[in-house]
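Visitor: Hey, could you walk me through this one? I'd like to start with something small and work outwards.

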Amino acid sequence: MEEKYLLDLFFQRDERAIQTVRESYGAYCRTVVNGILNNEEDIEECLNDTWLRAWNAIPPQRPTNLRMYLAKIARNLALDRYKASCAEKRRQGTLEITMEELAFCVPAGETTESQVQAHELERLIGTFLRTLRPMECNVFLRRYFYAESVAEIAGRYRLSESYVRLLLSRTRNKLKKYLVKEAYW
Amino acid sequence: MTNRDMLFRAVGTADDELLERSELQVSTWSKKRWIHSVVAAVLMATVLAGAWRLYLFSALEDDPGYTFPDSKPMTVPEPDEWAMMMPAFFMIDGRKYVVQDAYYSESALSEERAAQLKVQFHEIYPVSDDFFGEYLGEVTDVYADWPKKKDQLVGHMEGTVSGALYTVKGVDPKLFVALKSEDLDYFIVYVSVAGLTFRTGADLLENYFHLTENCRQIRCSVFTPGHERLYSVELSGDRFVHAMNFIRMLNELKIRQYVNGTTEYEEMRYEKRNRYILSCQLKNGLVVELVIYPEGYVYWYHCHGVYMELPEEVFTPLWSMLDEVMAE
């Protein structure tokens with residue numbers, strides 16, 4: 001009901017929409033961005049950019065899940081900001097470690113610019129996630145979508161940290177095989 | 001954009017539904033439930049003697065916190081052709097029995113004797129000689145000459161085993177009977193479950209075995225695709241508690257229904273991966289074996305078709321614990 005009300009505000013171009021999404025989803029989007037950015041100023045700016053991006057995109061878009069829609073915008077903007085502002089320091093960043101883990105699944109050093117390929121990869125990832133057991137998928141997303149630490153994930157699901165690492169390792173192997181099988185790389 | 005970055009961004013387009021599911025946390029006990037559990041433990045302590053029991057059972061959950069949809073009762077069918085080809089399958093008065101387990105007296109417990117009996121030593125459940133006598137009920141029949149009973153006996157037992165057929169004390173002989181060897185140092189229990197109806201795990205594990213109350217020891221072993229058992233490790237301390245919590249939870253699980261005239265178990269029969277077996281020895285000496293599949297299924301060994309599907313949040317920690325136990 002609240003989402004519908006919020007979307008109506010967006011569609012009516014009522015500026016209360018921005019204030020309301022900030023109040024309703026600010027905390028959630030902050031947790032998503034927190035995993036990527038460490039700087040409070042960057043986080044705040046990223047969140048403001050998120051509301052603005054949503055304001056510009058709705059309408060014409062009408063997301064079916066506004067909370068996740070905003071989380072995805074925030075995550076992408078945080079990634080952009082991370083790359084732009086921390087390029088020289090990223091070797092020390094925790095996100096860099098997370099991304100390095102995932103780099104295992106792709107050929108090293110190559111660059112792909114094609115938008116078509118990017119969309120194809122998104123489609124494959126979506127399908128791949130559906131093939132995973134629920135807990136594998138959950139752990140994978142907590143790590144690579146929310147950039148949570150292994151300890152956080154272990155605490156969330158009451159698993160041992162070693163088991164979380166094992167699950168992640170298995171899932172990365174699966175993903176690598178899957179992408180090769182689908183002839184993506 | 002590098003491939004690595006593109007992959008990381010692609011994960012960012014994951015389905016909303018999957019992302020929302022990942023947010024669910026495994027529930028933890030509330031203070032109220034802790035209090036209930038402690039009270040239950042104290043009450044239990046007045047009944048159960050022994051400090052170690054007090055420690056172990058005080059940690060058991062009364063309510064694991066999972067809910068399961070209602071299910072239709074399932075009636076166990078007659079043993080299929082595969083079961084009837086098993087060694088130690090036979091019929092008495094029209095009822096079909098399959099072997100449940102073999103029990104050996106302490107005096108029979110030696111590696112040499114195990115080899116002679118063609119059983120693996122670590123599979124043997126020793127029963128004290130006194131207990132051995134107390135366990136069996138009355139003699140219902142004596143099979144001294146199997147060939148004359150051809151119409152009742154099927155399988156390779158025919159002509160190879162003889163002995164007295166006993167009831168098992170406290171158990172309906174239609175469910176269990178025991179064949180005592182002529183050497184008198186072991187007996188084999190047979191079970192007949194065809195026609196019994198189950199709806200939840202409790203209908204089997206509690207109604208027939210009172211498993212949560214009577215389980216005194218749990219051992220874990222690995223079952224290979226070649227139906228060979230490797231190792232056997234007793235679960236102790238927290239691991240015993242974990243396994244008991246798991247068994248308690250099983251009571252609430254629904255028995256899975258048949259699919260297209262067959263069971264999912266049958267489809268998994270030729271599973272290529274290892275499985276785990278939890279062997280729960282009861283106070284009366286019976287052993288209830290629960291086979292756990294890597295796909296998250298559990299079934300009571302020797303009762304084909306009676307199996308349960310575990311919730312992911314239960315299966316994963318259990319499997320992880322068993323992995324750890326067997327890796328040690």
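Visitor: Which side chain does A:Asp8 meet in a salt bridge?

Guide: A:Asp8 pairs with A:Lys4, with 3.4 Å from N to O. Keep in mind that this is a predicted model.

Visitor: How many residues apart are those two in the helix?

Guide: They sit four residues apart in helix H1 (residues 2–11) of chain A, so about one helical turn separates A:Asp8 from A:Lys4.

Visitor: And how exposed are they, by relative accessibility?

Guide: A:Asp8 comes out at 25%, which counts as partly exposed. A:Lys4 is also in the partly exposed class, at 49%.

Visitor: OK, next pair. What does A:Arg16 form a salt bridge with?

Guide: With A:Asp14, where the closest N and O atoms are 2.6 Å apart. A:Asp14 is buried, because its relative accessible area is 19% and the cut-off for buried is under 20%.

Visitor: What about A:Lys174, which residue is its salt-bridge partner?

Guide: That's A:Glu136, and their closest N and O atoms are 2.8 Å apart. A:Lys174 belongs to helix H9 of chain A and A:Glu136 to helix H7 of chain A, so this pair ties together parts that are 38 residues apart in sequence.

Visitor: Is A:Glu136 buried or exposed?

Guide: Buried, with a relative accessible area of 7%. A:Lys174 is partly exposed, at 36%.

Visitor: Which residues are linked in a network of salt bridges?

Guide: A:Asp42, A:Glu45, A:Asp49 and A:Arg81 are linked that way. Over all chains, the count comes to 19 salt bridges.

Visitor: How many of them are between chain A and chain B?

Guide: Six salt bridges run between the two chains. One of them joins A:Arg130 to B:Glu17, with the closest N and O atoms 3.1 Å apart. There are also 13 residue pairs in polar contact between chain A and chain B, counting pairs with both residues at pLDDT 80 or more.

Visitor: Which helices of chain A supply residues to the side that touches chain B?

Guide: Helices H4 (66–85), H5 (94–103), H6 (115–131), H7 (134–144), H8 (150–157) and H9 (161–181) of chain A each give at least two residues to that side. By type, the residues on that side of chain A are 29 nonpolar, eight polar and 15 charged.

Visitor: How many residues does each chain bring to the contact?

Guide: Chain A brings 52 residues and chain B brings 38. Between them they bury about 4300 Å², with 55% of that on carbon and sulfur atoms. On the chain A side, A:Arg130, A:Arg133 and A:Arg158 lose the most area to chain B, together 14% of what that side buries.

Visitor: Let's switch to chain B. How many helices and strands are there?

Guide: Chain B has 12 helices and 15 strands. Of its 328 residues, 53% count as buried.

Visitor: Where in chain B is confidence lowest, and where is it highest?

Guide: It's lowest in helix H4 (residues 51–57) of chain B, with a mean of 47, and highest in helix H10 (residues 237–250) of chain B, at 88. Residues 52–70 of chain B have pLDDT below 50, though that stretch has 50 contacts in the model beyond near neighbours in sequence. Where pLDDT is low, the predicted coordinates shouldn't be read in detail.

Visitor: And what ipTM does the predictor give the complex?

Guide: The ipTM is 0.81, and the pTM is 0.46. For chain B, the average pLDDT is 69, with 53% of the residues scoring at least 70.

Methods. Residues numbered from 1 in each chain as written. Chains lettered and ligands numbered in written order. Heavy atoms only, no water. Contact = heavy atoms within 4.5 Å. Buried area = accessible area lost by both parts, 1.4 Å probe. Salt bridge = Lys/Arg side-chain N within 4 Å of Asp/Glu carboxyl O. Polar contact = N/O pair within 3.5 Å; in protein donor to acceptor, adjacent residues only side chain to side chain. Nonpolar A, V, L, I, M, F, W, Y, C, P; charged D, E, K, R; others polar. pLDDT = per-residue confidence, 0-100. Buried < 20%, exposed > 50% of the residue type's maximum accessible area, 1.4 Å probe, protein only.
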